[in-house]
Structures are given as structure tokens and as C-alpha cells.
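Here's a quick tour for anyone meeting this structure for the first time. Take a look at the model, then read on.

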Amino acid sequence: MHTAPETPSSRQALWAMYTAVPAVVAGYPLLEALQACRRQAMAAEPGPGRAPFNRIAHSTRTWMHGDRDFNTPTVDLLYSNAWIDLRQGPVVLEIPARSRFFVVQLLDVHTENFFNLGTRNVPAGGARYALLPPGAPASLAPAGTQAVPCPSALVWLLGRVIVDGAMDLSAARAVQEGFVLHGTAVGSPFPCLGQWTDTGDAALDFFANLSRALQDFPPPAALRAPLEMLSGLLPPGASPSGLRPLVVDGLRGAWREAMALIEAHTHAASRAPWRFSTRLGRFGQDHMLRAATAWKGIGALAADEAIYAAADYDQHGDLLHGQHTFRIRFTDGGDLPADAFWSITLYGEDRFLPAVAPQRHALGSRSGLVKDADGSLSLHMGQRPPAGGPQSNWLPAPDAPFYLVLRLYHPQARLLEGRYAFPAVERLD
């Protein structure tokens, strides 16, 4: 949790701070993506989703409490993960024949979900796609492939395959194995990744890494204005350590102020029980939404593929905490507006899956839930299962703050058009 920012005292420092705050908000998703890239494509230790550039790593199990390469992971799907370097030319992505729900998400380095491949647009027998470097003509796509223009030379591929418990793992993994990349091996990473600064000075490290990252990845039109403002203080590639002390003071203030603003925007100002955006994944010029999403759910799918509704508050506007018990009651019996499936996942305040027993982190349309006698569907959250209620409908919560994310895959028009309302998270004690 970031404390209230300390305002620099001089006018020169204030000018630097006000100039740099928009750049921190606009640049934060870029650095979060690059941090994930470093953990996964340049890792010294193996782990779920880790592989060298231009190779896909398949998670062989659903993620758990100890998996921390990126925040707010789902547990309904198996991940396939790759970081694709297009500097040497096109990379071909092979997608297998359809046999179950999957989506292969492509994000640019600024976390824009520019293209998805899944059960709604991949031919039944599978297909091959040529991921093209920025500005490359479609004629560079090899014969037998469909050209996919990419907006940045570094692309994050995040595949998801549905899995129904341990007995279904082998079948889900067989689908994963059909996702294959054919591309040139990468000799050295982008310079900003190889020269990453991590001195422990969070503010100056941020600006040093952002300055180098903007050399490798010039901002797209939607992000150009706030990031170009920074160049008047800190040109791309320059080090903040060489700036005048008053400017450095202003940059420190900008980082503190911007990080506090981003964190604040991850919570609903109205303290509404649920909130979601149809602009997630394709943010345009909504820099704060892009930053808040990178903070709390990096790698979000675009709204035509999935809607993420988050709940931080109960019906009284109080933050959710495991010392209480809660209920979500769907009077429609769980007929939520999703053509594929839906699920609710519980996360700790650190934005990862909490350490709870049993290790059940999500409930949804594929969980074998038991309906109430009147046909409604009640889900419970707390440290203990509901007295007299079905344990299958219980999500164990830690003795700590938590929040919920309701995912709806292939959302229906009644949700996107505002014709469906989610029930409140009711505190029962």
C-alpha cells in the first residue's frame, strides 16, 4: 500500500513532478510487461510459463498460491506462455484443431490485446498464422499462413485452455501441445531488458528503465503525448542520476503520486459491490484504465472475449475481509450472461491466490454447484464453510483482506448493453 505522496517544495520540482505524473501512468504497463518478460523469458530457474524467446511454455497444472510470475491468474484454464521477438522477421504460430474452449491472446508490449485466436475464429481443423513485425508487408507471411500484423516487435502470447480438474489434465495438455511457434532463436534480448536497473530505489529505477524501454519501444500514437512530455526532462536512454537535484526531487514526487493514483483507481470510488469495463484490453487513450489493469490484472482479454467484474466491497461499502462470512445469491440460478462459461476467483490483497485450505480458489458454472430449494444459487466466502450448506458452494478465504473477480467468457449482449445486474456480496455476520 502506497502512502500519501510528499509534495516537492520548490516550483522547479513541482513542474517536474506534474510533467512526469502522466508519463508514470502511461509507462507503468510497459514496465510491468517487461518485468513479466524478464521473469519468464530470461529466468535462471524453470517455472510455469517460462521459456526462452520464441518458444512456448505450457503450464502442466493450474496455478496455485506460490505461482507469482504475473498477478491475478485464473485457475479454470491451463496457461501457455511465450514472449515473441520479431526483430528477425515473422514468427509462425500453429494452432491445432478445435476440441474444447481455448483462446490464444496476443498483446503488444504496452499490454494492448490487439488480436485473439480461439474457438470463434480458428477453423475447425486448425490453422497457421504469421506474426509480422511492425510495418512489415503481408507478403512476408509464408505460404499457407494468415498474416497477423503486430504493433510492437515484442509480443506476449498468453494461451488459455479449459480444464475440468485433475482427471481432465491430460486431455487439456494435449490441446496445449498443439500450440507451436516456428521462429528464429534470439541471440540477445532487447537492450532495455539486458540493462535492467534494480538498485532498490524504486522511483529512480522506474525512470531509468522507462527511459531505456522507450528507446527500444517508441510509444504508439495513443500513448505518445504523456510519454513525450517526459522527454523534456529525461530524454529516451538518459539516466535520471545525471539530472539536476530539483528535477530528481520532482521525479520522485511524480512516482509516488502516480503510484498512489494507480492503486486508488483499482478500487471503485463509489464502493459499488461490482465493477467492470468494456474497454479492458483495448484501452485506447484511457491511460489510467490501462495502468490500473496492469496493476491488478495484467494480460486482460478484450471485452468481446471476456468480461472481468471485480468486487472489493460488500453491500455496506466495506472492504471484504476473511474475518467475516459472505454470500452471493443469484436469483436466476446462475444463468449468467456468458456463452462459454463463468467463474468467480478469490484473491488476497497482494493480488495473488491466497494460501487457504482446501486449495479451492474459484467456483463457477463448471463446478457442480448445488442450487437452493427455491432454484436460486448461493455462493459463500469465509474461513469456514456455511453451517448446513453445501461445501461445494464455499470459497475458503484467508484471515485477511481479499477481493473477487468474476470472469465471463464470450459475454452476451445483455451484459455488454447493461441489461444484467450482478447481485451484491452480502456480509452475513
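Is threonine 72 buried or exposed? Threonine 72 counts as buried, because its relative accessibility is 9% and the cut-off for buried is under 20%. Keep in mind that this is a predicted model. You'll find threonine 72 in the loop between strand S1 (57-58) and strand S2 (77-85).

**Some backbone oddities**

Threonine 72 has another quirk: its phi is near 50°, a positive value in a residue other than glycine. That catches the eye because most residues other than glycine have a negative phi. Histidine 410 also has a positive phi, near 55°. Here are those two residues side by side:

| Residue | Phi | Relative accessibility | Place |
|---|---|---|---|
| Threonine 72 | near 50° | 9% | loop between strand S1 (57-58) and strand S2 (77-85) |
| Histidine 410 | near 55° | 7% | strand S16 (residues 402-411) |

Histidine 410 counts as buried because its relative accessibility is 7%.

There's a peptide bond to look at, too. Alanine 357 and proline 358 are joined by a cis bond, with omega at about -5°. Most peptide bonds are trans. Proline 358 sits in the loop between strand S12 (338-348) and strand S13 (362-364).

**Helix H6 and its neighbours**

Now for a helix. H6 covers residues 245-264, 20 residues in total, and spans 29 Å from its first C-alpha to its last, close to the expected 28 Å. Its buried residues include Val247, Leu251, Trp255, Met259 and Ile262, and Glu263 is on that list as well. What covers them? Among the elements doing so are helices H1 (11-41), H4 (202-216), H5 (221-231) and H7 (287-297).

**Strand S11, with two faces**

S11 (residues 326-330) has side chains that alternate. Phe326, Ile328 and Phe330 point to one face and are buried, whereas Arg327 and Arg329 point to the other and are not.

S11 also has partners. It runs antiparallel to strand S14 (residues 377-382), joined by 5 bridges, and arginine 327 has histidine 380 of S14 as its bridge partner. Strand S17 (residues 426-427) pairs with S11 in the antiparallel sense too, over 2 bridges; there, phenylalanine 326 is matched with arginine 427.

**Out in a loop**

Last stop: glutamate 177, in the loop between helix H2 (169-176) and strand S9 (180-182). Glutamate 177 counts as exposed because its relative accessibility is 51%, and the cut-off for exposed is over 50%. Its C-alpha is 8.5 Å from that of proline 96, although the two residues are 81 residues apart along the chain.

Methods: Residues numbered from 1 in each chain as written. Predicted model: local features only at pLDDT ≥ 70, side-chain atom pairs only at ≥ 80, totals over all residues. Heavy atoms only, no water. Helix = DSSP H or I, 4+ residues; strand = E, 2+ residues; numbered from the N terminus. Expected span 1.5 Å × (residues − 1). Buried < 20%, exposed > 50% of the residue type's maximum accessible area, 1.4 Å probe, protein only. Contact = heavy atoms within 4.5 Å. Pairing = 2+ DSSP bridges.
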